[in-house]
Amino acid sequence: MEFDPKTPQYLTSDKLSFASISANERWPVIITGAIDDLHRTVVGVNDDEKANEGKGITANLAKLKYELQHDRQLSPIDDDGHPDIASYNKELEQRGNPHWHDVPWLYAECYLYRRIESLFAMSKHWKGYDVFARQKMNTFKSSRPAVLELAARYRDIVIEAESGKAKDGKSAEEVEAAERLLFSEMCEICLWGNATDLSLLTSLTYEDIQKLQGSQARKESQKNIIVNDLDAAFDAMQRARREKKDGERRVDIVLDNSGFELFVDMILAGYLLSAGLATSVVLHPKRLPWFVSDVTPKDFSDLLSSMVDPQAFYTAADESGKTFPSLSEKEISDVKFLFNQWSEFHQDGKLILRPHAFWTAQGGFWRMPHDAPELFEDLKESELVLFKGDLNYRKLTNDAQWDPTTPFTEAIGPLGPKSGIRVLAFRTCKADVVVGLPEGEDEKLRALPGGGGSESRKWAWSGKWAVVSLSDGKA
Ligand code: F6P
Ligand code: MG
């Protein structure tokens, strides 16, 4: 807390913020989902000892839900042997052992997922069990139309990107303009992939999700990017390519959600490597199941496995016995093309997965230089660090109640100017905090139907609006 900004954070007691809705309405639903999932798994377990232990964890999840709904104090998390527990518990004490409905939103939400994890980590038979895995994989399957559409587009992109490199017959300006356009398209695909995270969209049908992911939806959403620093980001990448022509140029992606969002992150990574805008891409997943849909290393390998035999994956009957139409030869070969590219990049050491415990700590990223100095140093080696999603944005800005016109560079504190880190945040807005807006923009959006008016910043809760914010800490 010592390294946090002085601006107060959003609290679960702020009745007019999404913090309060999250704590009251969403978290109980998420815990219930976890209980259901575990129950279904336990039913299929033959080993009595394991089944009984599973039932015990279910009971503890129910207890957690009870405590939340009855506004009990947050209790210290049981020590599961990982060093981060001490830090969670120390902060809990420093915050005066708060109650669920009057606690900083960011701390409480991280605590919730860390506490769930500890139940499994302390068990004998359930270590590493991910209560959200089933949901993540099912939702990824339902992204089939968008995945196939993008897999086909990816081939064209790679050809376009490589012809950009060849520059045959085109002027330098034409090459640059084409590359800039392609860069924006790839980034927008990657940005809107964040609109469909599972912790938020608990009420959407698969059909709704599919509609959100198509290219038509993306085009229509362009006008909803209310801060867009993509051009400046492209300029920085171009400069780096010119200046370090034959040198290492790394891009980092601090991942958010698995499934479709991870798929589009990989599309972006593959494009950056193919276009020569990066020579390596480092992906940062979470160490443990997090905010329902966040990527763990296992999710990453599951995604790749699904692409080895796309026909089998996409046509397997679901749990209700429903079957799905076969993929065409062309669709299979498009997915395999993508898989082969990614596997090659991975084998050549150009696509690297690097988990770190800091990403599942309870605090914001203002603490990074002190709490994870080696990570901070490592990110300086990168040309561009892309932070995906809403939670990363909340952590960059410490989930604080900034005036929305506060410059992004100021709101991210030690990761801002002169930090040596070039930060680019891709965020569809799903929480109250927002910075870097032009004067009057927040008021304009609040005045829209359902925008929240003078009472609340409701427009920023649904993922309809997005911000792409750059802070060039290398300038
Ligand atoms: O607001 C809903 C919420 O669960 C936030 O708590 C969190 O910031 C966000 O959704 C998760 O979204 P994302 O996956 O984009 O980080
Ligand atoms: Mg997430």
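This is a short dialogue on reading a few features of a predicted model.

Q: Before I look at details, what pLDDT does the chain average in this predicted model?
A: The chain averages a pLDDT of 92, and 93% of the residues score at least 70. One stretch needs care, though: over residues 197-204 the pLDDT is below 50. That stretch still has 25 contacts in the model beyond near neighbours in sequence.

Q: How should I treat a stretch like that?
A: Where pLDDT is low, predicted coordinates should not be read in detail. Here, then, go easy on residues 197-204, where the pLDDT is below 50.

Q: Now helix packing. At what angle do helix α1 and helix α2 pack?
A: Start with the angle between the two N-to-C directions: over 145 degrees counts as roughly antiparallel. Helix α1 (residues 18-43) and helix α2 (residues 48-69) pack at about 170 degrees, and their axes are 10 Å apart. So α1 and α2 are roughly antiparallel to each other.

Q: Which residues of α1 meet α2?
A: On the α1 side they include Trp27, Ile31, Ile35, Leu38 and Val42. Among their partners in α2 are Ile57, Leu61, Leu64 and Leu68. Sorted by class, the contact of α1 with α2 has 14 nonpolar, four polar and two charged residues.

Q: What about α11 and helix α12: at what angle do their axes cross?
A: For this one, the useful range is 65 to 115 degrees, which counts as roughly perpendicular. The axes of α11 and helix α12 (residues 297-308) cross at roughly 80 degrees and come within 11 Å. That makes α11 roughly perpendicular to α12. From α11, Leu262, Phe263 and Met266 meet Asp299, Phe300, Leu303, Leu304 and Met307 in α12. By class, that contact has seven nonpolar, no polar and one charged residues.

Q: Staying with α11, is Leu268 buried or exposed?
A: The cut-off for buried is under 20% relative accessible area. Leu268 lies in helix α11 (residues 260-274), and its relative accessible area is 1%, so Leu268 is buried. Setting aside neighbours within four places in sequence, Leu268 is in contact with Met186, Cys187, Cys190, Leu386 and Phe426.

Q: Is Lys330 buried or partly exposed?
A: Partly exposed is the band between under 20% and over 50%. Lys330, in helix α14 (residues 329-347), has 49% relative accessibility and so counts as partly exposed. Separation along the chain is another thing to check: Lys330 and Ala152 are 178 residues apart in sequence, yet 8.5 Å apart in space, C-alpha to C-alpha.

Q: Which residues other than glycine should I check for a positive phi?
A: Most residues other than glycine have a negative phi. Asn398 has a positive phi of about 60 degrees, and Lys418 has one of about 70 degrees. Asn398 is in the loop between α17 (389-396) and α18 (408-411), whereas Lys418 is found in the loop between α18 and β6 (422-428). Asn398 is buried, with a relative accessible area of 1%, while Lys418 counts as exposed at 69% relative accessibility.

Q: Last one: which residues coordinate the magnesium ion (ligand 2)?
A: With a metal, look at the donor atoms and their distances. The magnesium ion (ligand 2) is coordinated by Asp256 (OD), Asn257 (OD1) and Asp294 (OD), at 2.1 to 2.2 Å. In sequence, these donor residues are spaced D-N-x36-D. Both Asp256 and Asn257 are buried. Keep in mind that water is not among the atoms, so sites may look incomplete.

Technical notes. Residues numbered from 1 in each chain as written. Chains lettered and ligands numbered in written order. Predicted model: local features only at pLDDT ≥ 70, side-chain atom pairs only at ≥ 80, totals over all residues. Heavy atoms only, no water. pLDDT = per-residue confidence, 0-100. Contact = heavy atoms within 4.5 Å. Axes fitted to C-alpha atoms, helices over the stretch in contact; angles between N-to-C directions. Helix = DSSP H or I, 4+ residues; strand = E, 2+ residues; numbered from the N terminus. Parallel < 35°, antiparallel > 145°, perpendicular 65-115°, else oblique. Nonpolar A, V, L, I, M, F, W, Y, C, P; charged D, E, K, R; others polar. Buried < 20%, exposed > 50% of the residue type's maximum accessible area, 1.4 Å probe, protein only. Donors = N, O, S within 2.8 Å, 3.2 Å for Na, K, Ca; no water.
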